[in-house]
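Hi,

Here is the structure I promised to send over. Have a look, and my notes on what turned up follow below.

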Amino acid sequence: MESIENIQAQLKETLSEKRYLHSIGTMKMAKILAKKYNVDENIAMLTGLAHDMGKEIPLDKAMEYIKENKIVIDEIEKQNTALLHAKIGAYMSKKYGFTEEMQNAIKYHTTGNPEMDNLAKIIYVADKTEETRNYEQVEEIRKLAMENIDEAVIKILDHDIEKNIKKKVLIHPDGILLRNKLLLKFI
Ligand SMILES: [Fe+2]
Ligand SMILES: [Fe+2]
């Protein structure tokens, strides 16, 4: 598997400054959460670092990449194209030797998915709580992330769903399925 240093150097070349710092922040937060929830820290850091590697590809190039590599996308991803970078990034990360589990964590980081394991939840939460994130509930979610990862995931889903309603964009059902699954655990 590729080293953190090498991936970091590649991302510095290819991503904007803002996205690069977000990637570093996600890596650091993933490390903290991995330690807390007994997940391999190196695996979590690598996955956090690379999670947005597909994000800055222009839409026409992204669609080409999807076609070339026969990546299967659904109707909602076709409409809400901001979602596409998750599946693209997961596919791209194969070149670093990422395992299926790491690829899945990248694949699920935008919508959430009921199949998420601990690593995927860590990446999902790290992405939304890393040090450069700044929104109203971020402190509350950061705190929750260190207490109960599932509750942090639910809070982020709620926040995202509300945001998507306000923006009048399609909401991916995988996030709803995940939210239902996690909520049932707390009933
Ligand atoms: Fe992302
Ligand atoms: Fe991200």
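**Pocket and iron site**

The lining of the largest pocket breaks down into 17 nonpolar, 15 polar and 12 charged residues (nonpolar is Ala, Val, Leu, Ile, Met, Phe, Trp, Tyr, Cys and Pro; charged is Asp, Glu, Lys and Arg; the others, Gly among them, are polar). Mind that this is a predicted model, with local features needing pLDDT of at least 70, side-chain atom pairs pLDDT 80 or more, and totals for chains, interfaces and linings using all residues. Residues are numbered from 1 along each chain as written, chains are lettered from A and ligands numbered from 1 in written order, and side-chain values use heavy atoms, without hydrogens or water.

That pocket has a volume of about 930 Å³ (the space filled by probe spheres set on the grid points, which are joined across faces, edges and corners). A pocket here is an open set of points on a 1 Å grid over the protein atoms alone, where a 1.4 Å probe fits, with protein on both sides within 12 Å along at least five of seven lines; lining residues have an atom within 4 Å of a point. Closest to its centre are K55, H85, T110, R133 and K163.

Now the metal: H22 (NE2), H51 (NE2), D52 (OD) and D127 (OD) coordinate the iron ion (ligand 2) at 2.2 Å (donors are N, O and S atoms within 2.8 Å of the metal, 3.2 Å for Na, K and Ca; water is not among the atoms, so sites may look incomplete). The iron ion (ligand 1) is 3.4 Å from the iron ion (ligand 2), and D52 coordinates both. D52 counts as buried because its relative accessibility is 3%, and H22 does too, at 8% (buried is under 20% relative accessible area, with a 1.4 Å probe and protein chains only).

Cheers

Technical notes: Buried means under 20% relative accessible area, exposed over 50%, partly exposed in between (1.4 Å probe, protein chains only).
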